[in-house]
Structures are given as structure tokens and as C-alpha cells.
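I opened this notebook to record how the helices of one chain pack against each other, and what lies between them. I wrote each entry as I looked the point up.

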Amino acid sequence: MVNLKQLTTALQTLGVGRKHIDNAIEELEELLIDLESVPVSGRKSVDTMLGCMMAIDMIIGEEKENGR
């Protein structure tokens, strides 16, 4: 799987500014922080929230950098 951090150079060659890429990554990181404060109960809700958090991590590319 390719993530935003890996795609940065390719996106820049297509004309996407580094600032836009960094802003997208920052917004996704803020969503992760927001998800940490969402109260959930029940297995299905916990699984859904965890899935969302893992997906955002994968999109950004944080799971490999942080050893997760």
C-alpha cells in the first residue's frame, strides 16, 4: 500500500504543492486526535472507530514510522 508520505514526490511532480500535501496530512492527524476523545460503547462501535483510526494511519503513513 502506498501512503501520502510516499506519494509526496509524485504529487509534487503533478503540480500539487507541498503545502497542500502537508495540510492534508495535518488534517488527517487532527482527525486521529479527535477520534481519541470520542466515547464509544459496544464491540461494533469500538471496531468501527479502531478501523477508522487504522485507515487514517495507513493513508498518512504513520504506522511504519512509529513502528505500529
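The entries below go through the helix pairs, then the nonpolar core, then two single residues.

**Entry 1: H1 and H2.** I noted before anything else that this is a predicted model. I then looked up helix H1, residues 4–13, against helix H2, residues 18–36, and found that their axes come within 10 Å and cross at roughly 160°. Since angles over 145 degrees count as roughly antiparallel, I entered H1 as roughly antiparallel to H2. The handedness of the crossing of H1 and H2 is right-handed. On the H1 side I listed Leu4, Lys5, Thr8, Leu11 and Gln12, and on the H2 side Arg18, Ile21, Ile25 and Leu28, as the residues that make the contact. Sorted by character, the residues of this contact between H1 and H2 come out as five nonpolar, two polar and two charged.

**Entry 2: H2 and H3.** I next took H2 with helix H3, residues 43–60, whose axes also come within 10 Å and cross at roughly 160°. I therefore entered H2 as roughly antiparallel to H3. The crossing of H2 and H3, however, is left-handed. From H2, the residues Ile25, Leu28, Glu29, Leu31, Leu32, Leu35 and Glu36 meet Met49, Cys52, Met53, Ile56, Asp57, Ile59 and Ile60 of H3. I sorted the residues of this contact of H2 with H3 into 11 nonpolar, no polar and three charged.

**Entry 3: the core.** Which residues make up the largest nonpolar core? I found 10 residues in all, namely Leu4, Ile21, Ile25, Leu28, Leu32, Leu35, Met49, Met53, Ile56 and Ile60. The elements that give two or more residues to this core are H2 and H3, and H2 gives the most, with five residues. I set beside this the general remark that in soluble globular proteins nonpolar side chains tend to be buried together.

**Entry 4: Ile56.** I then asked whether Ile56 is buried or exposed. Its relative accessible area is 11%, and because buried means under 20%, I entered Ile56 as buried. Ile56 has its place in helix H3, and, leaving aside neighbours up to four places away in sequence, I found that Ile56 touches Leu28, Leu31, Leu32 and Leu35. For a distance along the chain I took Ile56 and Val46, which are 10 residues apart in sequence and 15 Å apart in space, C-alpha to C-alpha.

**Entry 5: Lys5.** Last, I looked up Lys5, which has its place in helix H1 and is partly exposed, with a relative accessible area of 32%. I also checked Lys5 against Gly61, and although these two are 56 residues apart in sequence, they are 5.9 Å apart in space, C-alpha to C-alpha.

Methods:
Residues are numbered from 1 along each chain as its sequence is written. This is a predicted model: local features need pLDDT of at least 70, side-chain atom pairs count only at pLDDT 80 or more; totals for chains, interfaces and linings use all residues. Side-chain values use heavy atoms; hydrogens and water are left out. Axes are lines fitted to C-alpha atoms, for helices over the stretch in contact, and angles run from 0 to 180 degrees between N-to-C directions. Helices (H or I, at least four residues) and strands (E, at least two) are DSSP runs, numbered from the N terminus. Angles under 35 degrees count as roughly parallel, over 145 as roughly antiparallel, 65 to 115 as roughly perpendicular and the rest as oblique. A crossing is left-handed if the near helix is turned anticlockwise from the far one by less than a right angle, and right-handed if clockwise. Contact means heavy atoms within 4.5 Å. Ala, Val, Leu, Ile, Met, Phe, Trp, Tyr, Cys and Pro count as nonpolar, Asp, Glu, Lys and Arg as charged, and the others, Gly among them, as polar. A nonpolar core is a set of buried Ala, Val, Leu, Ile, Met, Phe, Trp, Tyr and Cys residues joined through side-chain atoms within 4.5 Å. Buried means under 20% relative accessible area, exposed over 50%, partly exposed in between (1.4 Å probe, protein chains only).
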